[in-house]
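Here's a quick briefing to read with the model open in your viewer. Scroll through the sequence, spin the structure around, and then work down the bullets.

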Amino acid sequence: MLSIDQRGGTARLSLAEIVTGGRRYVSAPAAFAGFMAGLRPRPELLTEPGWNQAASAAGRFAWFRTLMHGVVPRFYDVTHLERLGGRFALRLDGAGATEAGIGDFTVIAMNRRILTLSGLPLNGELVSR
């Protein structure tokens, strides 16, 4: 369970509830849910250094950059991503986002580690080799 209010509130959401709640915003809910199943949050997630940066609290791009480049590589199960084919690309858009959206990310399994790259693959064949 992840706490959604750290000010002493008792409200909690499970990862399944978070994924289910966001399905209406996802173009491929089954693919996204399959990807999210590989995220293994641990208590150290809250101590990720990127959360302490003022830009993370102020801007969605900075928050998602911390999530994708800091949290995913540390807390994602590499064997799960390998079972999905070794890569997953996503574009984050949202209300009030610029024309380019919040950001494009490609998550890949390489040498038994998770890497998050900025941008989407231009040629799927090159990424899958």
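Glu 82 and Arg 112 meet side chain to side chain in a salt bridge, with 2.5 Å from N to O. Glu 82 sits in helix H5 and Arg 112 in the loop between S4 and S5, so this pair ties together parts that are 30 residues apart in sequence. Keep in mind that this is a predicted model. The bullets below start with the charged pairs and then move on to the sheet, the surface and the overall layout.

**Salt bridges**

- How many salt bridges does the structure hold? The count is four, and the Glu 82 to Arg 112 pair is one of them.
- Glu 82 counts as partly exposed because its relative accessibility is 34%.
- Another of these contacts joins Arg 40 and Asp 77, whose closest N and O atoms are 3.5 Å apart.
- That pair links distant parts of the chain, 37 residues apart: Arg 40 belongs to the loop between helix H2 (29-36) and helix H3 (54-58), while Asp 77 belongs to the loop between helix H4 (60-75) and helix H5 (78-83).
- Arg 40 has a relative accessibility of 38%, so it goes down as partly exposed.
- Glu 44 and Arg 42 also pair up, and here the closest N and O atoms are 2.8 Å apart.
- Both ends of that contact are partly exposed, with Glu 44 at 33% relative accessibility and Arg 42 at 38%.
- As background, side chains of opposite charge can pair when their charged atoms come close.

**The three-stranded sheet**

- In what order do the three strands of the open sheet run? The order is S3-S4-S5, and the pairing is antiparallel.
- Strand S3 (87-92) and strand S5 (113-118) are the edge strands, each pairing on one side only.
- From one strand to the next, the twist averages 20 degrees.
- S3 and S4 are held in register by six bridges in the antiparallel sense, and strand S4 (residues 103-110) also pairs with S5 over six bridges, again antiparallel.
- You can trace a path across the sheet through Val 107: Phe 88 has Val 107 as its bridge partner in S4, and Val 107 in turn has Thr 116 as its bridge partner in S5.
- Two further S5 matches are worth clicking on: Thr 106 stands opposite Leu 117, and Ile 108 stands opposite Leu 115.
- S4 and S5 make a hairpin with two residues between them, and Asn 111 in the turn has a positive phi of about 55 degrees.
- For picking out side chains here, remember that in a regular strand they alternate between the two faces of the sheet.

**A nonpolar patch, and a loop residue**

- Which residues form the nonpolar patch on the surface? They are Met 110, Leu 115 and Leu 117, with about 240 Å² of accessible area together.
- Met 110 is placed in strand S4, and it is partly exposed because its relative accessible area is 41%.
- Leu 120 is found in the loop between S5 and helix H6 (124-128).
- With a relative accessibility of 30%, Leu 120 is classed as partly exposed.
- Leu 120 and Phe 88 are 32 residues apart in sequence, yet their C-alpha atoms are 9.4 Å apart in space.

**The buried face of H2**

- Ala 33, Phe 35 and Met 36 are buried residues of H2.
- Why do the buried residues of H2 line one face of the helix? Looking down the axis of H2, they fall within an arc of 160 degrees, so they line one face.
- The general rule to have in mind is that an α-helix has 3.6 residues a turn, so residues three or four places apart point the same way.

**Overall layout**

- The secondary structure of the chain comes to six helices and five strands.
- Reading along the sequence gives the pattern β-β-α-α-α-α-α-β-β-β-α.
- The chain has 129 residues, and 28% of them count as buried.

Note on methods: Residues numbered from 1 in each chain as written. Predicted model: local features only at pLDDT ≥ 70, side-chain atom pairs only at ≥ 80, totals over all residues. Heavy atoms only, no water. Pairing = 2+ DSSP bridges. Helix = DSSP H or I, 4+ residues; strand = E, 2+ residues; numbered from the N terminus. Axes fitted to C-alpha atoms, helices over the stretch in contact; angles between N-to-C directions. Buried < 20%, exposed > 50% of the residue type's maximum accessible area, 1.4 Å probe, protein only. Arc of directions from axis to C-beta. Patch = residues over 30% accessible without salt bridge, like charges linked within 9 Å, V, L, I, M, F, W, Y side chains within 5 Å. Areas by Shrake-Rupley, 256 points an atom, 1.4 Å probe, with all protein chains shown as cover.
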